[in-house]
Amino acid sequence: FECGERQIVSPKQRFSVKFYLVAMLFVLFDLEAVFFYPWGALFRDLGFYGYVVMSIFTVPLVIGLLYEWRKGALEW
């Protein structure tokens, strides 16, 4: 550290692969929320077409989430 304090934990500490897997899944499903926000704001203006398009967008994401959940990727 630049301030001269002693380190509490080694900077060469290794992280579990599950940590990175959960982090990637978080980023993936967090980006999903970016696409849901404008859709929710314009829900009435888009009508049935917007509902169908977002349903098509949502189905693979839900299937992927269920797959990861069943495989135990979200368990610590």
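Which residues of H2 are buried? They are Gly50, Met54, Leu61 and Glu68, and the cover over the buried residues of H2 includes H1. Please keep in mind as we walk through that this is a predicted model.

Let's stay with H2 for a moment. This helix runs over residues 43–71 and has 29 residues. A straight helix would reach 42 Å at 1.5 Å a residue, yet the end C-alpha atoms of H2 are only 34 Å apart. H2 also has a kink of about 75 degrees, centred on Tyr49. If you follow the chain past the helix, you come to Gly72, whose phi is positive, near 85 degrees.

Now turn to the other helix, H1, which covers residues 17–41. A good place to start is Glu32, which is found in H1. Glu32 is buried but has no salt bridge. How far away is the nearest side chain of opposite charge? It belongs to Arg70, and the distance is 18 Å. A salt bridge is counted only within 4 Å, so Arg70 does not supply one for Glu32. What Glu32 does touch, once its neighbours within four places in sequence are left aside, is Phe57 and Leu61. Leu61 is one of the buried residues of H2.

Phe57 takes us to the aromatic side chains. The count of aromatic pairs comes to 6. One of these is the pair of Trp39 and Phe43, which is edge-to-face because the ring planes stand at 90 degrees, with the ring centres 5.4 Å apart. Ring pairs also join Phe35, Phe36, Trp39, Phe43 and Phe57 into a cluster. Is Phe43, a member of that cluster, buried or partly exposed? Phe43 counts as partly exposed because its relative accessibility is 40%.

Three more residues of H1 are worth a visit. Phe19 has its place in this helix and, at 37% relative accessibility, counts as partly exposed. Phe19 and Ala73 are 54 residues apart in sequence, while their C-alpha atoms are 9.8 Å apart in space.

Further along, Val27 also lies in H1. Its relative accessibility is 47%, so Val27 counts as partly exposed; the cut-off for exposed is over 50%. From Val27 to Arg70 there are 43 residues along the chain, and the C-alpha atoms of the two are separated by 19 Å. Arg70 is familiar from Glu32, as the owner of the nearest side chain of opposite charge.

Val34, again in H1, has a relative accessible area of 51% and is therefore exposed. Where does Val34 stand with respect to Met54? The two are 20 residues apart along the chain, and their C-alpha atoms are separated by 13 Å. Met54 brings us back to the opening question, as one of the buried residues of H2.

Notes: Residues numbered from 1 in each chain as written. Predicted model: local features only at pLDDT ≥ 70, side-chain atom pairs only at ≥ 80, totals over all residues. Heavy atoms only, no water. Helix = DSSP H or I, 4+ residues; strand = E, 2+ residues; numbered from the N terminus. Buried < 20%, exposed > 50% of the residue type's maximum accessible area, 1.4 Å probe, protein only. Lys, Arg positive; Asp, Glu negative; His and termini not counted. Contact = heavy atoms within 4.5 Å. Phe/Tyr/Trp six-rings, centres within 6.5 Å; stacked < 30°, edge-to-face > 60°. Expected span 1.5 Å × (residues − 1). Bend = angle between axes of the 7 residues up to and from the residue.
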